Amino acid sequence: MSQRDAYEQKLRAKLDEWQAEIDLLRAQARSAAADSELEKEQEKEAERLEKQRDEMRERLNKMRDASDDAWDDLKDGAERAWSSISDSFEKARSRFK
């Protein structure tokens with residue numbers, strides 16, 4: 001497996017992990033029916049995280065289709081986006097534990 005394939009596989013696995021976290025956040029929101037404000041807040045956060053996850057998935061698809069030269073540039077952008085999304089997920093985890 002090439003370094004490029006391994007990197008893409010790593011990103012796909014993380015995207016799947018993030019989807020599971022979004023699903024968990026939504027489940028927590030539904031079970032928090034006693035506090036509808038908290039439920040709304042969690043659902044809004046889940047939507048925001050899902051949008052970021054979708055943007056990262058789009059970047060990954062562009063990377064997969066890119067030439068070797070363009071791939072390096074796209075990888076740099078993906079690394080920055082990856083860091084930002086990871087921070088967002090960590091903040092959500094801390095906030096809604």
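## Salt bridges and their network

In this predicted model, Asp 54 forms a salt bridge with Arg 53, and the closest N and O atoms of the pair lie 2.3 Å apart. The two partners sit in unlike surroundings: Arg 53 is buried, with a relative accessible area of 6%, whereas Asp 54 is partly exposed at 38%. Both residues belong to a network of salt bridges that also links Arg 26, Glu 43 and Glu 50.

Within that network, the side chains of Glu 43 and Arg 26 meet at 2.9 Å, N to O. This pair links distant parts of the chain, since Glu 43 lies in helix α2 (residues 36-65) and Arg 26 in helix α1, 17 residues apart. Arg 26 counts as buried because its relative accessibility, 16%, is under 20%, while Glu 43 is partly exposed, with a relative accessible area of 26%.

## A further pair and the overall count

Another salt bridge joins the side chains of Asp 65 and Arg 64, at 3.9 Å, N to O. Here Asp 65 is exposed, with a relative accessible area of 62%, and Arg 64 is partly exposed at 41%. The count for the model comes to nine salt bridges.

## The largest pocket

The largest pocket has a volume of about 160 Å³. Ten residues line this pocket, and those closest to its centre are Glu 21, Leu 24, Gln 28, Ala 92 and Arg 93. Helices α1 (3-31) and α3 (68-95) each supply at least two residues of the lining, with α1 giving the most, four residues. By class, the lining consists of six nonpolar, three charged and one polar residue.

Methods. Residues numbered from 1 in each chain as written. Predicted model: local features only at pLDDT ≥ 70, side-chain atom pairs only at ≥ 80, totals over all residues. Heavy atoms only, no water. 1 Å grid on protein atoms, 1.4 Å probe; cavity = no way out; pocket = protein on both sides within 12 Å on 5 of 7 lines; lining within 4 Å. Points joined across faces, edges and corners; volume = space filled by probe spheres on them. Nonpolar A, V, L, I, M, F, W, Y, C, P; charged D, E, K, R; others polar. Salt bridge = Lys/Arg side-chain N within 4 Å of Asp/Glu carboxyl O. Buried < 20%, exposed > 50% of the residue type's maximum accessible area, 1.4 Å probe, protein only.
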